[in-house]
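Reader: Got a minute to walk me through this one? I'd like the short version, sheet by sheet, then the contact between the chains.

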Amino acid sequence: MATTDRSFITNVWDFFCSLKLTLFLLISLALTSIIGTVLPQGALPPEYVAQISPAKLQIYSKLGFFDMYHSWWFITLLYIFSLNLISCSIKRLPHVFKYISEPTLILGEGLRNSFPLKKELSFSGPVEKGVERLSAFLGKEFSTPVITEHNGEYHLFAQKTAWCRLGVYVVHFSILVIFIGAIIGSLAGYKGFVTIVEGTSVNSFEGRNGQNMPLGFEVLCEKFNVEFYATGAPKEFRSTLTVLENGKPVPGYSQVKVIVNEPMTYKGITFYQSSYGQASEGGEHYITVTPRSGGTPEKIAVREGVTATLKDGTTFKLLEATQEVRAFAPGFSGPAARIEVTRKGSAPQTFIAFKNYPDVNAQRGDALIFGYEGTSAKQYTGLQVAKDPGVWVVWLGCALMVIGIGVAFFMSHKRIWVVVSKGHARMYGNASKNQAAFQMQFEDLSEKFHEIKI
Amino acid sequence: MTSSMLFNVTTFTYLISMLVFFAFLASKNKSLGLAGSFIAYAGLAVQTVAIALRWKESYDMGVGHAPMSNLYESIVFFSWTIILLFAYIDIRYKYRIVGAFVVPFALLGMAWAQLGMNTGIEPLVPALQSNWLLYHVITCFLGYAAFAVACGISIMYLIKTAIEGTSSSASAGGLLSLFPPLKVLDDLNYRSIMIGFPLLTLGIITGAAWANYAWGTYWSWDPKETWSLIVWFVYAAFLHARITKGWVGKRAAWLSVIGFAATIFCYLGVNLFLSGLHSYGGGSK
């Protein structure tokens, strides 16, 4: 009974330590991840629901395909992946430590023959002198050797960067650190969204699940601006924000410029420029009407979709207005309104009235010239709100990963043995990585080795 | 002289280089191999000047930014990095014939960019106005290029094993006599991926750092992010496969080819077939 228990545990342990499991997990993670890039994730768009058969929809939802990166089976794969990493490290690390702390000081016959890098030197002096000379040579040219006497031969062993064999384990550990950072973020952090109308402030935001979450302070949107390139492509979305505590601006957090790629952080909560739009409040637009014959312009306030009547009986309707016309009328910029003018007894005429181009406005209309003066409607800014205390742990993991990969891929454990016996010395070399570069170093060393006079 | 003219010269030069390399394959004439390499280097030099010139031209237009902001510019940069890495392999390991299998990738990229895409310099949209753009794009594309080189080498490996397998006898001469030995191809494949994998890792990390800085989320399982991770998993599998018995050689070569297919899907497929955060400013028209 005891032996079967034992062998069962050993089997489980071997299973988690196996490289085959690693390959299986890596390939499974790669293949299953594809699902989430093909199927929509999170809240399903109605068009998608309409086009897919109900049976499929049900199967996919049951399998967690619509939130697959948080589904039980994907998370389980990640847990097994972590266990695999930990088991492999527990199994192999003691060997690696032993390899580093207890190096092969004596080079046996078998190893001697297996190393392709070797060089021989004959000398006539006494063995002790040879050992002394060669030890000084290795110390100067490579690294200080450990000298061991064995069966009448002296083994000089020198090594460099033995610790780089740990690089792989640093990479494995870094993955676990990143996972820990992600878990901290999901437990102690949050993400949300808030819209602030120009001139107003908010003290809470909407969390991922739609609940209202308090900020603990107030954020005032002083102003929102959009700038465009001459091509009409957006150049900058800019919110000017002020943080208020007890209704007073916080020093250093007054009139902060927040643009895409330049967020604002206060008390661990970061605000990212995300969207914007026209607030529905206010909403009055100002149209100027000037008689072509001269005279004072009349300024009329209207709302979108509403018809106004002028003294001479002409009516006009504001169809739509924009604060940046470029996308609709290439070559023009600034605020503009599309209006429909109906002169008494004639058919309606539709044209655009600009704020910045009075000359263009003057070319339209008949007896009356229409212009657009702008709006009292305010814009709002849409800000992404996030707090993630785990993010520094993630960056620590990333830094460890980069360092670990650098060490594991680009550094090598180099070892040199010189076996000295009466009349001759033989030098052997071995490197854990990048044999070609080490070969050159060894040849260089061999040349100097050959010139030693004992 | 404009950058656009120089890019056309580059494309033409890579075409000639590829043809000379094919002639080298057929004739085994060493001087043709040398010529193929030198023509490729000349193309690389012209392309370097062209990229620098395009960078300058964007400043002259008043919208100055590094030429890596849309699909066209990224393809051009991708081709440049492929030839750069080929030059490294050629000079460092002296296996010139690799050019016949690597230069075509660069030519394909340049030809597609020059013939099928909008080549105009566009100002940067707000989302791309960040220094992270440069770090992210350079690391990703150097990584992609290393994988392209590895894929070319793996194709050589697979061709060689296939032909040697069928012609049973040891004298599988002809075309193959120029190919490096299987062991060397396997090693070169590994070395290329050893260059690509750290760069891809850096590319993913810089992308995550940028995403966190710009949106407050370092990872949102966006299709592009996910596919880059898929590529990472495939090459991680490759690296572990090499130390497992039974996965060396042919299977490793296939993994490398699959890895590059995933890379190409991550780079282009995601933009063409899936939606996400990396729209490349609608570069292809």
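Author: Sure. This is a predicted model. Start at Pro291(A), which stands opposite Leu368(A) in strand 18 of chain A.

Reader: How many bridges join strand 12 to strand 18 of chain A?

Author: Seven. Strand 12 covers residues 285-291, and the two strands run antiparallel.

Reader: What sheet is that part of, and in what order?

Author: An open sheet of three strands in chain A, ordered 13-12-18. The pairing is antiparallel.

Reader: Which strands stand at the edges?

Author: Strand 13 (298-302) and strand 18 (368-375) of chain A. Each has a single partner strand, so one side of each has no neighbour in the sheet. From one strand to the next, the twist averages 25 degrees.

Reader: Next sheet. What is the order of the five strands in chain A?

Author: The order is 1-21-20-3-2, again an open sheet with antiparallel pairing. Strand 1 (117-122) and strand 2 (146-150) of chain A are the edges. Each of them pairs with a single strand, so one side of each is left free of a neighbour in the sheet. On average, neighbouring strands here are turned by 20 degrees against each other, direction ignored.

Reader: How many bridges between strand 1 and strand 21 of chain A?

Author: Six, with the strands antiparallel. Strand 21 spans residues 424-431. One facing pair is Ser122(A) and His424(A), the latter in strand 21 of chain A.

Reader: Which helix packs on the sheet and touches strand 1 of chain A?

Author: Helix 11 of chain A, residues 435-450. It touches strand 1, strand 20 and strand 21 of chain A. Its direction makes about 0 degrees with that of strand 1 of chain A.

Reader: And what does helix 7 of chain A lie across?

Author: Helix 7 (residues 127-141) lies across strand 2, strand 3 (153-160), strand 20 (414-421) and strand 21 of chain A. Against strand 20 of chain A, helix 7 runs at about 165 degrees.

Reader: What about strands 15, 16 and 17 of chain A? Start with how many bridges join strand 15 to strand 16.

Author: Seven, antiparallel. Strand 15 is residues 315-322 and strand 16 is residues 336-342 of chain A. Thr322(A) stands opposite Ala336(A) there. Strand 16 of chain A also has six bridges to strand 17 (residues 349-354) of chain A, antiparallel too. Ala337(A) faces Ala353(A) in that pairing.

Reader: What's in the turn between strand 16 and strand 17 of chain A?

Author: Six residues lie between the two strands, which form a hairpin. Gly345(A) sits in the turn with a positive phi of about 80 degrees.

Reader: Switching to the contact. How many residues does each chain give?

Author: Chain A gives 37 residues and chain B gives 35 residues. On the chain A side, helix 2 (19-38), strand 7 (234-245), strand 11 (269-278), strand 19 (379-387) and helix 10 (391-410) each give two or more.

Reader: Which gives the most?

Author: Helix 2 of chain A, with twelve residues. By class, the side of chain A that touches chain B has 23 nonpolar, ten polar and four charged residues.

Reader: Thr270(A) caught my eye. Where is it placed?

Author: In strand 11 of chain A. Leaving out residues up to four places away in sequence, Thr270(A) touches Pro263(A), Thr265(A), Ala386(A) and Gly216(B).

Reader: Is Thr270(A) buried or exposed?

Author: Buried, because 21 other C-beta atoms lie within 10 Å of Thr270(A), and the cut-off for buried is 20 or more.

Reader: Now chain B. What is it built from?

Author: Eight helices and zero strands. Its radius of gyration is 20 Å, close to the 19 Å from the globule rule for 285 residues, so chain B is as compact as a globular protein of that length. The C-alpha trace of chain B spans about 65 × 45 × 30 Å along its principal axes. Of its 285 residues, 51% count as buried.

Reader: Which residues have the most contacts inside the largest nonpolar core?

Author: Ile82(B) and Val149(B), in a core of 101 residues. Helix 5 of chain B, residues 132-166, gives the most to this core, with 15 residues.

Reader: What is Val149(B) in contact with?

Author: Beyond its neighbours within four places in sequence, Val149(B) contacts Ile82(B), Leu85(B), Phe86(B), Ile89(B), Val102(B) and Ser192(B).

Notes
Residues are numbered from 1 along each chain as its sequence is written. Chains are lettered from A and ligands numbered from 1 in the order in which they are written. This is a predicted model: local features need pLDDT of at least 70, side-chain atom pairs count only at pLDDT 80 or more; totals for chains, interfaces and linings use all residues. Two strands pair if DSSP finds at least two bridges between them. Helices (H or I, at least four residues) and strands (E, at least two) are DSSP runs, numbered from the N terminus. Axes are lines fitted to C-alpha atoms, for helices over the stretch in contact, and angles run from 0 to 180 degrees between N-to-C directions. Two residues are in contact if their C-beta atoms, placed from the backbone, lie within 7 Å. Ala, Val, Leu, Ile, Met, Phe, Trp, Tyr, Cys and Pro count as nonpolar, Asp, Glu, Lys and Arg as charged, and the others, Gly among them, as polar. The radius of gyration is taken over C-alpha atoms; the globule rule is 2.2 Å times the number of residues to the power 0.38. A residue is buried if 20 or more other C-beta atoms lie within 10 Å of its own, exposed if 12 or fewer, and partly exposed in between; C-beta atoms are placed from the backbone. A nonpolar core is a set of buried Ala, Val, Leu, Ile, Met, Phe, Trp, Tyr and Cys residues joined through C-beta atoms within 7 Å.
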